[in-house]
Amino acid sequence: MKGSMGRIFLFLVFIFFVYQGCKPGNGRFQLSGPESVQAMLFSNEAVAPEEIMEAVQKDSGSVFLVDIRTQAEFANGHLLNAVNIPAQHILEGPWLRLWKDKKTIYYLYGNTQLEANAPWMILRQMGYDNVRVLQGGLAYFSDFSDTSFLKLEDETARYDFTAVFSTKN
């Protein structure tokens, strides 16, 4: 609970700075602060899990799933065919060129939708309108859908701790 409140606070601070600092024509941003907030709150950019499953099933090379979580979280489980681009790296060289492909729709997701909202907003500010967010995040997706779209790591124990603790010294 404490971690989610911290994320909400950070997101609100981010919104405040976007609202205060982004004016049309200022730098590379395409939307003003109020337009960004409007797009986040009242757009259809958050895509339901069933829509993503449908898009992936009839994929013609124009669907790209982007897991914005850390590499460790990605390794513990992710959507099938997803690529891991941690949020702090979305604007780095090779990844920045990726977003320019207007024929591809990029679906961002984190553990929750809130995690993906900030990277989505940054990309939208920069003019990339081919980016969407998984509604509810991975947690909602895994509750909603069948597990065939999820790649989860096997949680078998790597060590036999009962043998370790039962040995007498």
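**Figure 1. Helix H6 and the glycine that comes after it.** Gly 127 follows H6 and has a positive phi, near 100 degrees. Keep in mind as you look that this is a predicted model. H6 itself spans residues 113-125. With 13 residues, H6 reaches 18 Å from its first C-alpha to its last, close to the 18 Å expected at 1.5 Å a residue. An α-helix has 3.6 residues a turn, so residues three or four places apart point the same way. Which residues in H6 are buried? They are Glu 115, Ala 116, Asn 117, Pro 119, Trp 120, Met 121, Leu 123, Arg 124 and Gln 125.

**Figure 2. The five strands of the open sheet.** Reading across this sheet, you meet the strands in the order E1-E6-E5-E2-E4, and their pairing is parallel. Strands of a sheet pair through backbone hydrogen bonds, either parallel or antiparallel. At the edges are strand E1 (46-47) and strand E4 (83-84), each of which pairs on one side only. Follow the bridges from one strand to the next: E5 and E6 share three, E2 and E5 share five, and E2 and E4 share two.

**Figure 3. Strand E2 and its partners on either side.** Strand E2 covers residues 63-67, and four of its five residues are buried. Take Val 66 as your starting point. Val 66 stands opposite Val 83 in E4 and opposite Leu 108 in E5. Now move to Asp 67. Its bridge partner in E4 is Asn 84, while in E5 Asp 67 stands opposite Tyr 109. From Leu 108 you can step onward into E6, where the bridge partner of Leu 108 is Val 133. Is E5, in the middle of these steps, largely enclosed or open? Four of the five residues of E5 are buried, so this strand is largely enclosed by the rest of the structure.

**Figure 4. Two helices that touch the sheet.** Helix H3, made of residues 49-57, lies across E1, E2, E5 and E6. The direction of H3 is at about 130 degrees to E2. H6, the helix from Figure 1, also packs on the sheet, where it touches E1, E5 and E6. Between the directions of H6 and E6 the angle is about 175 degrees.

**Figure 5. The largest nonpolar core, and a second one.** The largest nonpolar core has 20 residues. Which of them touch the most other members? They are Val 66, Trp 99, Leu 108, Leu 123, Tyr 128 and Val 131. At least two residues of this core come from each of helix H1 (2-21), helix H5 (93-98), strand E5 (105-109), helix H6 (113-125) and strand E6 (131-134). H6 gives the largest share, four residues. A second core, separate from this one, has 14 residues, among them Val 47, Tyr 107, Tyr 109 and Leu 134.

**Figure 6. The contacts of Val 66.** Here we return to a residue you have already met. Leaving aside neighbours within four places in sequence, which residues does Val 66 contact? The list is Val 83, Ile 85, Trp 99, Tyr 106, Tyr 107, Leu 108 and Tyr 109. Two names on that list, Val 83 in E4 and Leu 108 in E5, also stand opposite Val 66 in the sheet.

**Figure 7. A cluster of three aromatic rings.** Phe 64, Trp 99 and Tyr 106 form one aromatic cluster. A pair of aromatic rings is described by the distance of the centres and the angle of the planes. Phe 64 and Tyr 106 make an edge-to-face pair, 5.4 Å centre to centre and with 65 degrees between the planes. This pair links distant parts of the chain, since Phe 64 is in strand E2 and Tyr 106 is in strand E5, 42 residues apart. Trp 99 and Tyr 106 have ring centres 5.1 Å apart and planes at 75 degrees, so this pair is edge-to-face too. How exposed is each residue? Trp 99 is buried, with a relative accessible area of 0%, and Tyr 106 is buried at 1%. Phe 64 counts as partly exposed at 23%.

**Figure 8. Asn 81 in a loop.** Asn 81 sits in the loop between strand E3 (77-79) and E4. Its phi is near 65 degrees, a positive value in a residue other than glycine. Most residues other than glycine have a negative phi. Is Asn 81 buried or exposed? With 68% relative accessibility, Asn 81 counts as exposed, because the cut-off for that word is over 50%.

Key. Residues numbered from 1 in each chain as written. Predicted model: local features only at pLDDT ≥ 70, side-chain atom pairs only at ≥ 80, totals over all residues. Heavy atoms only, no water. Core = buried A, V, L, I, M, F, W, Y, C linked by side-chain atoms within 4.5 Å. Buried < 20%, exposed > 50% of the residue type's maximum accessible area, 1.4 Å probe, protein only. Contact = heavy atoms within 4.5 Å. Pairing = 2+ DSSP bridges. Axes fitted to C-alpha atoms, helices over the stretch in contact; angles between N-to-C directions. Phe/Tyr/Trp six-rings, centres within 6.5 Å; stacked < 30°, edge-to-face > 60°. Expected span 1.5 Å × (residues − 1).
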